[in-house]
Amino acid sequence: MAAAHLYSTLTELAQGLRAGVSNKPLTLLYAYNGTGKTRLSMAFKDEGKKSGGRDTLYFNAFTEDLFSWENDLEGDIDRVLLLNQQSTYFQSLHTLEMESRIAVFLRRHADFDFRIDYERFAVTFSRSVATADGRQTIDNVKISRGEERLFVWAFFLAILQIAKDDEREGTYSWVQYVYIDDPVASLDDNHVVSLATELADLIDKSSTGLKVVVSTHHALFFNVLQNALCRGKERSGNSYFLSLLDSHCYKLTDMSDKPFLYHVAQLYELKRAIEADALYAYHFNVLRTILERTAAFHGYKRFSDCLGDGLKQRDAELYARLLNLLSHNVYPVYEPTRMLEENKVHFQTALGAFLDKHRFDLTEFAGTQGDQGI
């Protein structure tokens with residue numbers, strides 16, 4: 001059974017992470033949205049400030065808020081991405097040759113160019129497009145949300161590279177820890193794999209003592225990093241599944257020695273919700289998604305085929321229609337609606353029939369050791 005550790009608050013969890021990262025360059029966390037990943041990244045950063053200074057370079061939703069668009073609504077010409085001049089994140093940019101550093105990472109993922117105006121603290125973008133006469137460069141373009149995310153990520157990696165560089169002149173010499181939270185939102189799977197591989201390579205080739213924590217809800221991103229750095233005898237990282245229990249405490253389950261399968265984690269959460277009498281209407285959406293993916297894996301035409309042999313074919317089809325009906329509504333996850341008692345019976349019957357036919361091993365997520373530290 002996988003080892004698990006319980007923490008009553010995010011502060012205690014952040015302290016536990018700090019105490020446990022000393023033996024590996026990477027600590028990898030998987031957690032569902034709403035668990036508190038972004039708040040954990042800030043709690044981790046705040047712990048470093050308690051000694052009177054700072055020690056954590058972080059990438060999260062707050063980092064992305066340091067970049068904002070000025071779209072020139074009147075002239076519709078001068079579209080720029082503004083950098084928050086008040087943030088120490090952008091300290092000494094003009095002395096660090098940031099364009100060339102960012103371009104190293106950005107060229108791997110994007111086909112647009114950029115220029116930093118250090119006086120305005122603004123970034124302009126351009127793109128080369130095909131025309132009847134050859135190619136033409138269009139200036140002041142508005143890049144897409146996904147492209148903006150790639151640029152911000154490349155900006156962060158450039159700063160991270162400076163922090164890791166043995167020849168650095170002290171600009172980011174204060175960095176001891178790096179905390180990265182969900183950098184792959186709005187990106188397609190090809191970019192997700194590419195970014196994860198790139199990050200794994202950067203962490204694995206570290207010649208400094210920097211310790212990196214990465215938290216994500218993206219299963220593919222997690223899997224690539226885990227396979228690259230957290231498995232095998234020579235692993236350079238540890239991976240964990242982070243969950244928020246009904247008692248509002250946090251549980252870290254060690255997944256370093258086992259492959260992480262997203263649907264297995266979801267099934268465990270569904271069983272735990274039944275045992276705790278904490279079923280909500282949106283759980284029907286979760287169960288239907290698992291059934292559809294399992295049916296696709298086995299080549300079934302209907303996800304109802306995943307419910308036999310625990311149910312007769314007629315009953316399986318009835319439950320399939322019921323799941324169709326109950327999962328088509330949009331249920332809010334952050335303000336969940338309790339499942340009706342009658343529907344709880346139907347839900348447990350359907351899940352039980354599925355697990356009877358497809359015997360997943362859920363024990364890796366069920367550790368309950370109460371010791372602190374990782």
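Here are legends for several close-up views of a predicted model.

**View 1. The whole chain, to get your bearings.** Before zooming in, it helps to know what's here: eleven helices and twelve strands. The chain has 374 residues, and 51% of them are buried. Take the contacts between residues with a separation of 6 or more, and 72% of those link residues 24 or more positions apart. As for the outside, about 18500 Å² is exposed, with carbon and sulfur atoms supplying 48% of that area.

**View 2. An open sheet of seven strands.** Reading across the sheet, the order goes S1-S12-S11-S2-S10-S9-S3, and the pairing is mixed. Which strands stand at the edges? They are S1 (4-7) and S3 (56-59); each has a single partner strand, so one side of each is left without a neighbour in the sheet. From one strand to the next, the twist averages 20°.

**View 3. S9 beside S10, inside that sheet.** Here strand S9 (residues 177-181) meets strand S10 (residues 211-216), and the two pair in the parallel sense over five bridges. To find your place, look for Ile-180, which stands opposite Val-214 in S10.

**View 4. Two helices lying across strands.** Helix H5 (residues 145-164) lies across S3 and S9, and its direction is at about 165° to S3. Helix H7 (residues 219-229) has its own set of strands: it lies across S2 (26-30), S10 and S11 (237-244), running at about 150° to S2.

**View 5. S7 and its antiparallel partners.** Strand S7 (residues 122-131) is a good one to follow by eye. Strand S6 (residues 112-117) pairs with S7 in the antiparallel sense over six bridges, and Asp-117 stands opposite Ala-122 in S7. Four residues lie between the strands in this S6 and S7 hairpin, where Phe-121 takes a positive phi near 55°. Strand S8 (residues 134-139) also runs antiparallel to S7, joined by six bridges; among the paired residues, Arg-127 has Ile-138 in S8 as its bridge partner. How many residues does the hairpin from S7 to S8 pass through? Just two residues join them. Strand S5 (residues 80-83) is antiparallel to S7 as well, with two bridges, and Leu-81 has Val-123 in S7 as its bridge partner.

**View 6. A closer look at Ala-103.** This residue sits in helix H4 (residues 98-106). Is Ala-103 buried or exposed? Its relative accessible area is 10%, so Ala-103 counts as buried, the cut-off being under 20%. Asp-113 is ten residues away along the chain, and the C-alpha atoms of Ala-103 and Asp-113 are separated by 8.4 Å.

Terms used: Residues numbered from 1 in each chain as written. Predicted model: local features only at pLDDT ≥ 70, side-chain atom pairs only at ≥ 80, totals over all residues. Heavy atoms only, no water. Buried < 20%, exposed > 50% of the residue type's maximum accessible area, 1.4 Å probe, protein only. Contact = heavy atoms within 4.5 Å. Areas by Shrake-Rupley, 256 points an atom, 1.4 Å probe, with all protein chains shown as cover. Pairing = 2+ DSSP bridges. Axes fitted to C-alpha atoms, helices over the stretch in contact; angles between N-to-C directions.
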